[in-house]
Amino acid sequence: MTLKLLIVDDSTVIRNRIARLCQDMRLPCLEIVGLAGDGRQALALAEQFRPQLVTMDLTMPQMDGDECISRIVARLPETRILVVSALSDKATALKAIKKGAQGFLRKPFSDEQLVESLLELIR
């Protein structure tokens, strides 16, 4: 079974790194359906492609990650969200989890940490 993945981060470098890692680590269970640079793009792509998994940055222009998480969860409650953020305090992580995210990965992250976090969401 292939799961659709939407990658959301205002950094092109991070978006491309996550996409490359998913391909390089040969996660055949993931199909990248979109790369979004802000929350508004992410919401539009989520509604269009209905991904099962989303990696979500929190600090972005147009619409921040917290608001985007809330909106995606309201429209697509089955979507699992992994927050990938440099904001690493416990309060930030708990806020994202309360809004509907299922996981939290702190930047900077290793390749192994990202893959393990994605696999944890799939299980």
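Helices (H or I, at least four residues) and strands (E, at least two) are DSSP runs, and their numbers, as in S5 or H5, count from the N terminus. The model shown in every view is predicted.

**View 1. The open sheet of 5 strands and the helix H1 that lies across part of it.** The strands follow the order S2-S1-S3-S4-S5, and their pairing is parallel. At the edges stand strand S2 (30-36) and strand S5 (103-106), each of which pairs on one side only. From one strand to the next the twist averages 20°. Helix H1, made of residues 12-24, lies across strand S1 (3-8), S2 and S3, and runs at about 170° to S2.

**View 2. Strand S3 with its neighbours S1 and S4, and the register between them.** Strand S3 (residues 53-56) is joined by 4 bridges to strand S4 (residues 80-85), and the two run parallel, while S1 and S3 likewise pair in the parallel sense over 4 bridges. Strands of a sheet pair through backbone hydrogen bonds, either parallel or antiparallel. On the S4 side, Leu-53 has Arg-80 as its bridge partner, and Thr-55 stands opposite Leu-82; on the S1 side, Leu-6 stands opposite Val-54 of S3. Within S3, Leu-53 and Thr-55 point one way and Val-54 and Met-56 the other, yet all of these residues are buried. In a regular strand the side chains alternate between the two faces of the sheet.

**View 3. The β-α-β unit formed by S3, H3 and S4, and the nonpolar core to which these elements contribute.** Strand S3, helix H3 (residues 65-75) and strand S4 make a unit that is right-handed. The largest nonpolar core has 20 residues, and those with the most contacts inside it are Leu-6, Val-8, Met-56, Ile-69, Ile-72 and Ile-81. At least two residues of this core are supplied by each of S1, helix H2 (39-49), S3, H3 and S4, and the largest share, 4 residues, comes from H2. Once its neighbours within four places in sequence are left aside, Ile-81 is in contact with Val-54, Met-56, Ile-69, Ile-72, Val-73, Ala-101, Gln-102, Gly-103 and Leu-121. A second core, separate from the one just described, has 19 residues, among them Ala-19, Leu-27, Leu-30 and Leu-114. In soluble globular proteins, nonpolar side chains tend to be buried together.

**View 4. Salt bridges between helices, with Arg-17 and Asp-111 as one pair and Lys-95 and Asp-66 as another.** The whole structure holds 9 salt bridges. In the pair of Arg-17 and Asp-111, the side chains meet with an N to O distance of 2.9 Å, and the link is between distant parts of the chain, since Arg-17 is in helix H1 and Asp-111 in helix H5 (residues 111-122), 94 residues apart. Asp-111 is partly exposed, its relative accessible area being 29%. The side chains of Lys-95 and Asp-66 meet at 3.2 Å, N to O; because Lys-95 lies in helix H4 (residues 90-99) and Asp-66 in helix H3, this pair ties together parts that are 29 residues apart in sequence. The two partners differ in burial, for Lys-95 is partly exposed with a relative accessible area of 45%, whereas Asp-66 is buried with a value of 14%. Elsewhere, Asp-9, Asp-57 and Lys-107 are joined into one network by salt bridges that share partners.

**View 5. Loop residues with backbone features, namely Arg-50, Gln-62 and the bond that precedes Pro-108.** Arg-50, found in the loop between H2 and S3, has a positive phi of about 50° although it is not a glycine. Arg-50 also forms a salt bridge with Glu-78, where the closest N and O atoms are 4.0 Å apart; Glu-78 is in the loop between H3 and S4, and this pair too links distant parts of the chain, 28 residues apart. Both partners are partly exposed, with relative accessible areas of 45% for Arg-50 and 47% for Glu-78. Gln-62, a residue other than glycine, has a positive phi near 70° and is placed in the loop between S3 and H3. Because the cut-off for exposed is over 50%, Gln-62 at 51% relative accessibility counts as exposed. The peptide bond from Lys-107 to Pro-108 is cis, with omega near -5°, and Pro-108 lies in the loop between S5 and H5.

Conventions. Residues are numbered from 1 along each chain as its sequence is written. This is a predicted model: local features need pLDDT of at least 70, side-chain atom pairs count only at pLDDT 80 or more; totals for chains, interfaces and linings use all residues. Side-chain values use heavy atoms; hydrogens and water are left out. Two strands pair if DSSP finds at least two bridges between them. Axes are lines fitted to C-alpha atoms, for helices over the stretch in contact, and angles run from 0 to 180 degrees between N-to-C directions. Contact means heavy atoms within 4.5 Å. Buried means under 20% relative accessible area, exposed over 50%, partly exposed in between (1.4 Å probe, protein chains only). A crossover is right-handed if, with the strands pointing away from the viewer, the path from the first strand over the helix to the second runs clockwise. A nonpolar core is a set of buried Ala, Val, Leu, Ile, Met, Phe, Trp, Tyr and Cys residues joined through side-chain atoms within 4.5 Å.
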